[in-house]
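Reader: I am new to this structure and should like to learn how to read it. May we look at it together?

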Amino acid sequence: MAERIENSNEEKKNLSFVEQIIEQDLAEGKNGGRIQTRFPPEPNGYLHIGHAKAICMDFGAAEKFNGTCNLRFDDTNPSKEKDEYVENILSDISWLGFKWENIYYASEYFQKLWDFAVWMIKNGHAYIDEQTSEQIAEQKGTPTKLVRHHHIGIDPWKKVFPCLRK
């Protein structure tokens, strides 16, 4: 019996933290036992090794747990995106041996996202930051200028994250 527990723990150690979470969710019956992942590339260039790792994680987890993986192109910057990149991404995913369930585009949801943002603001769950870009840079820094003593205070976030009200 002790050997069996040891093997079970050894197998558990071989699972990534994501796979451990999936197993726990399945054991608890979350989402009716359905596993669905997504890979959200931006179609503004060719994929690199980091993308390959994400593809293997997203598609691999879905495959391992008999789920599905969708592609959701994050096409939020039309001036940099090209059909050529979409076609290459599809080809690369296929070359890695994975199949997607559905293809979606974030741009298809812009109106829904806009409506949701307006709803959140009207209901006090979000706010509009009316600072100028210079004020924001001074407060938060820039990629080339670090602000070491940055503190935004917790009050503005209490409405957005109720868990901070403690």
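Reader: In what order do the strands of the open sheet stand, and with what pairing?

Author: A sheet is read by following its strands from one edge to the other. In this predicted model, an open sheet of 3 strands has the order β1-β2-β3, and the pairing is parallel. β1 (36–39) and β3 (103–105) are the edge strands, each pairing on one side only. On average, neighbouring strands are turned by 30 degrees against each other, direction ignored.

Reader: How many bridges join β2 to β3?

Author: These two parallel strands are joined by 3 bridges. Across from Tyr104 in β3 stands Arg72.

Reader: Which strands does helix α3 touch, and which does α4 touch?

Author: Packing is described by contacts and by the angle between directions. Helix α3 (residues 49–64) packs on the sheet and touches β1 and β2, its direction making about 160 degrees with that of β1. α4 also packs on the sheet, touching β1, β2 and β3, and its direction makes about 160 degrees with that of β2.

Reader: Where is the place of Glu81, and what does its side chain reach?

Author: Glu81 lies in the loop between β2 (68–73) and α4 (83–95). Its side chain reaches two backbone nitrogens: that of Thr76 at 3.2 Å and that of Asn77 at 2.9 Å. Beyond its neighbours within four places in sequence, Glu81 is in contact with Pro43, Asn44, Asp74, Asp75 and Thr76.

Reader: Which side chain of opposite charge is nearest to Glu81, and how far away is it?

Author: That side chain is Lys80, 9.3 Å away. Glu81 is buried yet has no salt bridge, a salt bridge requiring a distance within 4 Å.

Terms used
Residues numbered from 1 in each chain as written. Predicted model: local features only at pLDDT ≥ 70, side-chain atom pairs only at ≥ 80, totals over all residues. Heavy atoms only, no water. Helix = DSSP H or I, 4+ residues; strand = E, 2+ residues; numbered from the N terminus. Buried < 20%, exposed > 50% of the residue type's maximum accessible area, 1.4 Å probe, protein only. Lys, Arg positive; Asp, Glu negative; His and termini not counted. Polar contact = N/O pair within 3.5 Å; in protein donor to acceptor, adjacent residues only side chain to side chain. Contact = heavy atoms within 4.5 Å. Pairing = 2+ DSSP bridges. Axes fitted to C-alpha atoms, helices over the stretch in contact; angles between N-to-C directions.
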